[in-house]
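Welcome, and please open your viewer with both chains loaded. We will go from one selection to the next, with a short look at each stop.

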Amino acid sequence: MSTLDAIDTCLLRLTESMEGSLQSDSLQIWNELESVATDLLKRAILDGSDGETNRAWHLKTVASTRTTYLTSFQLMRSGKYYEAWCKLEEAEISLISLKRNRIYQSSEFAVDTLAKMVKNWQSLYPYAVFMSPEFAIKREECSICGLVVDPWSDCKHEPGIVYRGKECYRIVKTAELLGMSLVPDPVQKYSVPFIKNDQGERHDHYDYTVVSFVVDRLRSAVSGWTPTWTKAYHPHELFKDIGPEDGCPCGSGRQYGNCCNSNRGVLRPHIEIEFDERPSALLPNVTLAGYKERLSSEKSTWVDSRESDSQSNNV
Amino acid sequence: MNNTLFSVDVSETDKDREYWATRSWISGEASRKVRAADLLVVPWEDFREGHAAQFPQGTTDFLRSLARLLPEQATTIAVNKELFEEIALHGRQTRWPTIMVTAVMLPLLVNALTELAKKLIDEHPNEQTVQINLIVEGKHGHCIEIDYKGPANDLTKTLTEQAGRCLSRLENKPRHATASKK
């Protein structure tokens with residue numbers, strides 16, 4: 001079989017696995033497809049034309065991105081939220097590469113749909129600040145031609161662009177670490193700050209209620225869902241330990257007694273999730289995130305007081 | 001933690017072309033090119049202790065893009081090759097280097113920046129913040145400095161508006177009288 005025929009066969013298999021945009025959620029199938037596409041890319045690099053090699057790269061990246069996403073979903077299902085977060089970032093980076101090096105229409109492999117799903121998952125995470133390093137970069141080289149990259153360099157390659165099946169990036173050869181900061185919008189999303197326990201081990205202190213709420217209610221990794229961020233009144237019972245002269249838990253900066261205390265609740269961030277497929281009736285359709293240290297009985301009271309026949313669920 | 005989402009600061013500056021051609025990190029042929037350049041990329045001075053001249057990460061690629069979009073214009077970087085250094089900063093935002101340009105050349109530069117901003121928006125819709133410092137040389141040697149941080153899609157409109165407004169104000173004023181700030 002020629003390289004071109006092999007590419008067409010691989011393309012057909014990928015397309016069949018994606019019939020209806022996001023159908024197959026079998027990690028086994030996608031691992032197999034990734035393996036086939038990886039072999040195809042190796043072969044194309046050896047004997048294919050530039051166009052064939054880049055098409056093979058595209059197919060391999062489609063398959064590996066899908067594998068990464070499905071792995072992330074499985075990790076969320078098993079409660080390994082930070083590990084899942086790192087996989088989501090991997091998928092996000094690959095999706096940017098795919099969009100930047102478009103060969104097929106992005107709708108063909110649901111690239112835009114998957115990018116939206118990754119973004120939706122990331123929006124549910126409780127991480128608000130990240131560690132971010134600052135470097136003085138004194139020398140860097142091109143991953144494609146190996147030349148030094150600076151304004152006087154003869155290197156013509158552009159980072160993020162694929163050349164003969166290989167994506168161009170910069171390799172920093174000499175750098176000086178200047179500092180470390182906490183930022184809300186990091187370059188590296190994996191750099192989440194954790195606290196350490198008494199034994200010096202990493203302790204994950206974050207509250208993943210919202211993530212688990214969604215992942216528990218999805219039938220598969222490719223089931224559709226849409227989050228809507230809004231605000232809702234949270235019952236005053238949840239804030240019994242806050243005095244009227246303390247800061248209002250709505251975050252306005254005013255005193256609780258002069259702010260939300262006279263309202264029917266405290267106006268706080270709220271998220272509604274619309275599931276494309278109805279979640280199991282055994283699961284509650286409302287939950288509270290961020291109050292687990294405070295109380296548990298009121299939670300069930302509030303949950304029970306909500307309507308339960310809607311396909312839209314609240315967190 | 002303070003995370004600025006949008007800011008524009010315009011000031012008069014006495015750091016003219018001759019200033020950038022005579023810094024300690026530039027000499028010889030490079031200085032001559034600075035004096036002759038249509039578009040000049042200048043470093044951040046003393047941005048970090050012990051680093052007199054630095055450029056934001058990605059300056060090399062930015063310069064290439066600019067040269068590709070404006071092939072007729074002479075684009076130069078104001079530093080000797082051996083002292084070129086980029087700084088990778090915190091946070092996911094696009095930082096472009098400081099550019100010096102004459103008022104006459106400004107529309108061409110704005111067109112090129114519009115193209116670059118479009119590319120950014122296409123790749124990262126709704127989340128692309130751009131930071132850039134622009135020095136515009138007006139009549140009689142007056143220079144204004146526009147420091148912009150905000151959405152990519154507001155960039156070029158803001159730069160054009162501020163440059164036009166502030167340069168016309170300075171036209172009848174003796175050079176370097178007082179600094180004005182918006």
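## First stop: a bridge between the chains

Select A:K138 and B:E85: the two form a salt bridge, with their closest N and O atoms 3.0 Å apart. Keep in mind throughout that this is a predicted model. Now colour the side of chain A that touches chain B by element. The elements of chain A that each give two or more residues to that side are α4 (81-100), β1 (130-142) and β4 (170-183). Recolour that side by residue class, and you will have 18 nonpolar, five polar and twelve charged residues.

Next, add A:E176 to the selection. Salt bridges with shared partners join A:K138, A:E176 and B:E85 into one network.

## The whole interface

Zoom out until both chains are in view. How many residues of chain A are in contact with chain B? There are 35 of them, and they meet 28 residues of chain B. Between them the two chains bury about 2600 Å², and carbon and sulfur atoms account for 48% of that area. To see where chain A loses the most area to chain B, select A:E134, A:I137 and A:W152; together these residues make up 24% of what the chain A side buries.

If you like to display polar links, the interface of chain A and chain B holds four salt bridges by the rule used here. The interface also has nine residue pairs in polar contact, counting pairs in which both residues are at pLDDT 80 or more. Over all chains, the salt bridge count comes to 17.

## A:E134 and its partner

Stay with A:E134 and add B:R48. These residues form a salt bridge whose closest N and O atoms are 2.3 Å apart. B:R48 sits in strand β3 of chain B and A:E134 in strand β1 of chain A, so this pair joins two chains. Is each partner buried or exposed? A:E134 counts as buried because its relative accessibility is 3%, whereas B:R48, at 28%, counts as partly exposed.

While you are in strand β3 of chain B, which covers residues 44-48, select B:D46. Its phi is near 45 degrees, a positive value in a residue other than glycine. B:D46 counts as exposed, with a relative accessibility of 58%.

## B:R64, a buried arginine

Move along chain B to helix α3 (residues 59-69) and pick B:R64. Which residues of chain A does B:R64 touch? Show A:V149, A:D150, A:S153, A:C155, A:K156, A:H157 and A:R170 around it. Side chains of opposite charge can pair when their charged atoms come close. B:R64, however, is buried and has no salt bridge. The nearest side chain of opposite charge belongs to B:D61, 4.2 Å away, while the salt bridge rule asks for a nitrogen to oxygen distance within 4 Å.

## Salt bridges within one chain

Still in chain B, select B:R35 and B:E18. Their salt bridge has its closest N and O atoms 2.9 Å apart. B:R35 lies in helix α2 (residues 28-36) and B:E18 in helix α1 (residues 17-21), so the pair ties together parts that are 17 residues apart in sequence. Both ends are partly exposed: B:R35 has a relative accessibility of 42%, and B:E18 has 40%.

Over in chain A, try A:E90 with A:K87. The side chains of these two meet in a salt bridge at 3.5 Å, N to O. Here the partners share helix α4 of chain A and are three residues apart, about one turn of the helix. A:E90 is partly exposed at 39% relative accessible area, and A:K87 also counts as partly exposed, at 25%.

## Last stop: chain A as a whole

Hide chain B and switch chain A to a cartoon. Its secondary structure comes to seven helices and nine strands. Of the 315 residues in chain A, 45% are buried. Among contacts between residues at least 6 apart in sequence, 73% join residues at least 24 apart.

Finish in the loop between β2 (162-163) and β3 (166-167) of chain A, where you will find A:R164. This residue is not a glycine, yet A:R164 has a positive phi of about 50 degrees. With 31% relative accessibility, A:R164 counts as partly exposed.

Note on methods:
Residues are numbered from 1 along each chain as its sequence is written. Chains are lettered from A and ligands numbered from 1 in the order in which they are written. This is a predicted model: local features need pLDDT of at least 70, side-chain atom pairs count only at pLDDT 80 or more; totals for chains, interfaces and linings use all residues. Side-chain values use heavy atoms; hydrogens and water are left out. Helices (H or I, at least four residues) and strands (E, at least two) are DSSP runs, numbered from the N terminus. Buried means under 20% relative accessible area, exposed over 50%, partly exposed in between (1.4 Å probe, protein chains only). Lys and Arg count as positive and Asp and Glu as negative; His and the chain ends are not counted. Contact means heavy atoms within 4.5 Å. Buried area is the accessible area (1.4 Å probe) that two parts lose on being put together, summed over both. A polar contact is a pair of N or O atoms within 3.5 Å; within protein, one must be able to donate a hydrogen and the other to accept it, and residues adjacent in sequence count only if both atoms are side-chain atoms. Ala, Val, Leu, Ile, Met, Phe, Trp, Tyr, Cys and Pro count as nonpolar, Asp, Glu, Lys and Arg as charged, and the others, Gly among them, as polar. Lists of a residue's contacts leave out its neighbours within four places in sequence.
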